[in-house]
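Open the model in your viewer and keep a selection box ready. The stops below go from single residues to pairs and then to whole domains.

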Amino acid sequence: MHNRRWSNEQLRTQVEVVNGTIKPHIILKKATYLNTYLHQWLKAHIWIYEDRIVYVGENLPDDLTGIEIIDCKNQYVVPGYIEPHCHPYQLYNPVTFAEHGGQFGTTTFINDNLTLFLELSTPQAFKLIDELKDIPSSLYWWCRFDSQTDLPNNDNIFNSDDVLAWLNNENVIQGGELTAWPKLLNGDNTMLSWVQETKSLHKKVEGHFPGASERTLAKMMLLGTDCDHEAMTGKEALTRLTQGYTVSLRQSSIRPDLEEILKELIELNVERFDRFFFTTDGSHPYFFEQGMTDELIRIAIKSGIPIPEAYNMASYNIAKYYDIEHLHGSIATGRIANINFLTSKENPTPWSVLSKGEWIKKEGEDLRKFQPIDWERHGISKIKLNWQLEEKDITLIEPIGIQLMNNVITKTYESRLDLNSSQIHSDSDECYLMMIAKDGSWRVNTLVKGFANQIGGFASSYSGTGDILIIGKNKSDMIQAFQRVKELGGGIVLVENDTIIHEMELPLSGIMSKKDMHSLIQEEVHLKNLLKERGFSYNDPSFTLLFFSATHLPFIRITPSGLIDVKANKVLLSPTARNI
């Protein structure tokens with residue numbers, strides 16, 4: 001897999017660098033580096049030619065003129081970190097996320113393909129991911145087998161021709177994640193055949209098994225799953241390990257479990273961590289304000305994980321699991337030159353970063369060299385909402401609604417509100433909630449309890465289905481919020497008393513910003529604060545929006561198929577057709 005990254009001519013040139021007839025571009029002199037195989041800190045000179053480490057050892061070239069020599073005294077060198085479970089469309093886009101992560105030492109990303117699968121044709125998507133290979137970060141991809149929501153045309157979208165084309169793409173190293181695992185377990189042989197094909201290609205299959213019993217985990221292992229990231233306790237992580245899984249330990253904005261999991265694993269006498277690694281699991285921008293994978297390493301060191309082991313859990317363990325260890329995860333001859341320079345072993349936030357042999361951070365200075373992507377050329381652009389929203393669209397016919405229990409878990413409730421009222425009073429924590437098709441052809445109207453008590457109108461094209469979500473107490477404000485999203489070509493807009501008080505522009509398919517992460521973090525933090533002031537009592541409203549439609553979570557979801565009771569597999573309220 002990926003053995004032809006370099007041409008024959010490039011490989012011959014790299015050998016000549018070692019022979020001394022061609023000079024390396026960079027030498028890391030007297031580097032104290034983490035040898036991931038020995039779990040020891042060793043000293044060596046490290047030669048880099050273009051994007052590859054070509055030599056690690058005691059020798060230096062006879063002639064050092066013209067070579068960039070980096071004196072590594074008082075520095076510690078570790079492999080670039082790897083994010084193995086990345087959803088790169090969480091308001092940011094794959095480039096801005098990778099650009100930001102690089103400043104904290106994360107140089108390799110293994111990415112969900114779901115948005116590309118849903119938004120683009122397969123040839124379009126492949127052209128895009130080929131272009132993304134040119135950025136300083138290393139990007140790999142998954143192949144999804146389901147949409148994690150209820151789409152009426154799901155079987156047409158996830159067809160064998162497209163799924164198998166993705167699985168056979170050299171940039172794809174994983175099938176899954178298996179958010180529709182109950183279908184697989186209950187007899188979906190089409191999905192099973194995709195899992196089998198993934199395995200035959202020697203690629204991995206990622207689970208999605210929150211709360212799964214030991215027997216369920218055993219069954220899913222038998223069906224072909226290799227790894228799962230949904231353990232919420234040390235005991236759950238250990239159960240996965242004993243059933244043969246590699247275990248991805250999560251620290252995310254809605255599941256900040258890592259410290260507790262590691263503490264419990266140590267209490268359970270786990271002494272080896274080579275089948276564990278870390279993930280931030282698609283957290284939203286604000287979560288990454290202070291760092292990325294480096295913060296997870298810091299938690300591990302603080303929790304008592306041996307320092308070499310902690311770094312391996314963010315690099316080598318991941319590379320070995322995905323069979324890309326010949327390119328990533330270690331400071332060794334032949335690997336891509338993704339290298340972090342630390343001021344101390346205990347501080348995983350790098351002082352300098354090499355990514356594919358390029359400085360993207362040097363002595364604390366941001367030197368990022370990410371060229372902008374012409375997203376429109378690849379078919380990712382502003383959404384066009386060529387229809388009008390009217391007050392008659394915000395009509396309730398049933399008192400049934402969605403009650404938020406936390407950021408993403410819901411349950412059914414029955415409202416006592418007057419369904420014919422034009423607004424809901426602020427002394428109630430209920431709001432109107434509707435989902436409208438992006439093409440305006442249908443709507444689903446319900447209520448949401450526990451989202452906020454003082455929101456006039458809140459509209460978002462950021463959703464799990466790509467359709468429009470509108471929430472609020474005042475129908476006029478709701479319509480105005482929608483109208484502004486329409487004008488922006490995608491975004492999130494908050495309206496109060498006929499005034500727009502905050503907006504986030506999302507011009508890439510209505511779900512992604514073009515702005516750099518620093519700017520986006522500020523926008524999202526401001527939105528969070530405004531919603532909190534208006535009664536939102538949880539910590540990640542962006543995940544609430546995204547997972548309103550997520551049928552892999554309990555218990556009630558709003559989807560293009562209607563209001564769904566997930567556990568009962570029952571439609572509680574069907575969509576209403578609209579004339580457009």
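In which loop does Ile373 lie? Select Ile373: it lies in the loop between β17 and β18 (400-404). Bear in mind throughout that this is a predicted model.

**Ile373 and its surroundings**

With Ile373 selected, show what is around it. Leaving out residues up to four places away in sequence, Ile373 touches Val95, Leu128, Glu131, Leu132 and His378. Is Ile373 buried or exposed? Its relative accessibility is 12%, so Ile373 counts as buried, the cut-off being under 20%. Now add Leu385 and draw a distance from C-alpha to C-alpha: Ile373 and Leu385 are 24 Å apart in space and 12 residues apart in sequence.

**Backbone stops**

Most peptide bonds are trans, and most residues other than glycine have a negative phi. The next four selections depart from that pattern.

Select Gly176 and Glu177. The peptide bond from Gly176 to Glu177 is cis, with omega near 5 degrees. Glu177 sits in the loop between β9 (172-176) and α7 (181-185).

Move to Pro554 and Phe555, which are also joined by a cis peptide bond, here with omega about -5 degrees. Phe555 belongs to the loop between α17 (541-547) and β26 (556-559).

Next, select Leu91, in the loop between β6 (81-86) and α2 (94-102). Leu91 is not a glycine, yet its phi is positive, near 80 degrees. At 0% relative accessibility, Leu91 is buried.

Then go to Glu363, in the loop between β16 (358-362) and β17 (365-366). Glu363 has a positive phi as well, about 50 degrees, and is not a glycine. Is Glu363 buried or exposed? With a relative accessible area of 55%, Glu363 is exposed, because the cut-off for that class is over 50%.

**Salt bridges**

Side chains of opposite charge can pair when their charged atoms come close. The count for this model comes to 30 salt bridges. Three of the pairs are worth selecting in turn.

Start with Lys133 and Glu170, whose side chains meet in a salt bridge at 3.6 Å, N to O. Lys133 is in the loop between α4 (122-132) and β8 (138-143) and Glu170 in the loop between α6 (160-167) and β9, so the pair ties together parts 37 residues apart in sequence. Lys133 is partly exposed, with a relative accessible area of 33%. Glu170 is partly exposed too, at 48%.

Return to Glu177 and add Arg144. These two form a salt bridge, with 3.6 Å between the closest N and O atoms. The pair links distant parts of the chain, 33 residues apart: Glu177 in the loop between β9 and α7, and Arg144 in the loop between β8 and α5 (154-157). Both Glu177 and Arg144 are buried. Add Asp112 to the selection, and you have a network of salt bridges that links Asp112, Arg144 and Glu177.

For the next pair, select Arg484 and Glu503, a salt bridge with its closest N and O atoms 2.8 Å apart. Arg484 is in helix α15 (residues 475-488) and Glu503 in strand β25 (residues 499-505), distant parts of the chain 19 residues apart. Arg484 is partly exposed, with a relative accessible area of 23%, and Glu503 is partly exposed at 28%.

**The two domains**

Colour domain 1 (79-329) and domain 2 (391-577) separately. Their centres, taken over C-alpha atoms, are 28 Å apart. Select the residues in contact: 29 residues of domain 1 and 38 residues of domain 2.

How much area is buried between domain 1 and domain 2? It is about 2,700 Å², of which carbon and sulfur atoms give 61%. Leu91, Ile254 and Tyr286 supply 27% of the area that domain 1 buries against domain 2, more than any other three residues. Leu91 is thus a second visit, having appeared earlier for its positive phi.

Across this interface there is 1 salt bridge, along with 12 residue pairs in polar contact. On the side of domain 1 that touches domain 2, the elements giving two or more residues are α2 and α3 (114-119). The largest share, 4 residues, comes from α2. By class, this side has 12 nonpolar, 13 polar and 4 charged residues.

Definitions and conventions:
Residues numbered from 1 in each chain as written. Predicted model: local features only at pLDDT ≥ 70, side-chain atom pairs only at ≥ 80, totals over all residues. Heavy atoms only, no water. Buried < 20%, exposed > 50% of the residue type's maximum accessible area, 1.4 Å probe, protein only. Contact = heavy atoms within 4.5 Å. Salt bridge = Lys/Arg side-chain N within 4 Å of Asp/Glu carboxyl O. Domains from an automatic or database assignment. Buried area = accessible area lost by both parts, 1.4 Å probe. Polar contact = N/O pair within 3.5 Å; in protein donor to acceptor, adjacent residues only side chain to side chain. Nonpolar A, V, L, I, M, F, W, Y, C, P; charged D, E, K, R; others polar.
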